[in-house]
Amino acid sequence: MKEVIKLDTVDQYNRLFGLETLHPLVSVVNLSEATRFPTHFTMNYGVYALFLKNVKCGDIRYGRQIYDYQEGTVTSFAPGQVVEVDMPQGVRPNAHGLLFHPDLIKGTSLGQDIKHYSFFSYASAEALHLSEEEKSIFTDCLEKIRMELQHPIDKHSKRLISRNIELLLDYCMRFYERQFITRSESNKSVLVKFEALLDDYFQSDKPQTDGLPSVKYFADKVFLSPNYFGDLIKKETGKSAQEYIQTRMIDIAKEMIAGTEKTVSQIAYELGFQYSQHFNRIFKKNTGYTPGEYRKQQI
């Protein structure tokens with residue numbers, strides 16, 4: 001049975017690989033300098049982490065999937081995620097990375113915005129693949145953070161470190177957007193499948209048994225994490241996945257209001273609403289009319 005390591009501090013990670021800790025809350029790591037090489041372990045992250053892998057050297061499993069993790073790939077982990085690592089005997093890890101504790105960014109702009117970096121919750125098949133130029137930018141950002149860690153701590157240290165981390169994360173967001181574009185054809189196939197699944201959902205009895213569909217429901221159907229799925233749909237359509245679902249639901253509601261004699265309460269129930277008042281509010285918010293007012297206009 002593999003050892004489960006609860007990684008609550010940056011220093012725990014550094015000690016695991018025999019690396020020096022310069023700051024208790026943040027570390028830039030170069031695994032080619034590691035003096036210890038654990039081969040099989042499961043890590044329960046209590047810190048944020050990003051790694052740029054330079055060569056193929058073992059497998060990382062997140063959930064049931066092996067990370068899409070080859071040379072020039074960035075993987076990211078957030079507190080609460082559990083990752084299983086298998087490293088072949090005799091293979092030295094070769095990756096550059098950053099670890100930082102949530103306490104580091106408390107009271108900073110990054111602390112307020114950290115949830116916006118949705119790639120921390122992407123699944124294993126959704127790793128970020130960098131071009132040579134992007135790898136240079138990534139490593140340059142790490143080097144700036146490393147230089148700041150080597151500088152004597154003063155009143156500017158926390159802000160400069162957090163801003164440089166924020167810069168790195170912003171670049172990763174840009175790189176992911178580029179990846180969404182370069183994978184546009186496969187993204188469009190996901191969108192087509194999403195639309196078909198939406199129609200199937202509302203044509204079945206699922207709204208009555210399961211209620212309104214969630215983004216997670218459709219993400220699971222196309223084998224993506226909710227965050228990655230949501231970002232993909234936003235990139236392809238300009239709408240969030242939730243907005244897209246709601247737009248389709250309103251279209252179906254209009255058809256039912258104009259084309260049937262069902263009561264508003266019946267329509268709300270068939271669409272998955274527990275309360276017709278909730279349906280009325282959402283319908284008016286999207287159309288400017290109550291369901292009753294809309295029906296009168298169609299006569």
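The paragraphs below lead through this predicted model, from its overall make-up to a few chosen residues.

The protein has 299 residues, and 44% of them are buried; its chain forms twelve helices and ten strands. Among contacts between residues at least 6 apart in sequence, 72% join residues at least 24 apart, a figure to keep in mind when the individual residues are discussed further on. The accessible surface comes to about 15600 Å², and carbon and sulfur atoms account for 50% of it.

Since the model is predicted, it is worth asking where confidence is lowest and where it is highest. Across the protein the average pLDDT is 85, with 90% of the residues scoring at least 70. The lowest confidence falls in strand S6 (residues 65-66), which has a mean of 44, whereas the highest is found in strand S2 (residues 26-30), at 95. Over residues 57-69 the pLDDT stays under 50, although the model has 54 contacts beyond four places in sequence for these residues.

We can now turn to the interior. The largest nonpolar core holds 64 residues, and those that touch the most other members are Leu50, Phe100, Phe120, Ile165, Phe229, Leu271 and Phe279. Helix H9 (residues 241-259) supplies the largest share of this core, namely nine residues. A second core, separate from this one, has 22 residues, including Val29, Phe51, Phe77 and Val83. Phe120 shows what such a position looks like in detail: leaving aside neighbours within four places in sequence, Phe120 is in contact with a list of residues that includes Tyr48, Leu50, Phe77, Phe100, Ile114 and Leu169.

Why does Cys141 not form a disulfide with Cys172? The closest cysteine sulfur to that of Cys141 belongs to Cys172 and is 8.1 Å away, which is too far for a bond, because a disulfide requires two cysteine sulfur atoms within 2.5 Å. The count of disulfides by this rule is therefore zero. Both residues are nevertheless buried, Cys141 at 4% relative accessibility and Cys172 at 1%, where the cut-off for buried is under 20%.

Helix H8 (residues 226-237) allows a simple check of geometry. Its twelve residues, at 1.5 Å a residue, should span 16 Å, and the C-alpha atoms at its ends are indeed 16 Å apart, so the expected and modelled spans agree. The buried residues of H8 are Tyr228, Phe229, Gly230, Leu232 and Ile233. In reading such a list, it helps to recall that an α-helix has 3.6 residues a turn, so residues three or four places apart point the same way. Just after H8 comes Gly238, which takes a positive phi of about 85 degrees.

Two further residues show how parts of the chain that are apart in sequence come together. Gly72 lies in the loop between S6 and strand S7 (73-77), and with a relative accessible area of 3% Gly72 is buried. Although Gly72 and Lys53 are 19 residues apart in sequence, their C-alpha atoms are 5.6 Å apart in space. Beyond residues up to four places away, Gly72 touches Leu52, Lys53, Leu128, His129, Leu130 and Lys135. Gln179, found in helix H4 (residues 157-182), is also buried, with a relative accessible area of 2%. Its contacts, counted with the same exclusion, are Ala127, Leu128, His129 and Tyr228. Leu128 and His129 thus appear among the contacts of Gly72 and also among those of Gln179, while Tyr228 is one of the buried residues of H8.

Definitions and conventions
Residues numbered from 1 in each chain as written. Predicted model: local features only at pLDDT ≥ 70, side-chain atom pairs only at ≥ 80, totals over all residues. Heavy atoms only, no water. Helix = DSSP H or I, 4+ residues; strand = E, 2+ residues; numbered from the N terminus. Buried < 20%, exposed > 50% of the residue type's maximum accessible area, 1.4 Å probe, protein only. Contact = heavy atoms within 4.5 Å. Areas by Shrake-Rupley, 256 points an atom, 1.4 Å probe, with all protein chains shown as cover. Core = buried A, V, L, I, M, F, W, Y, C linked by side-chain atoms within 4.5 Å. pLDDT = per-residue confidence, 0-100. Expected span 1.5 Å × (residues − 1).
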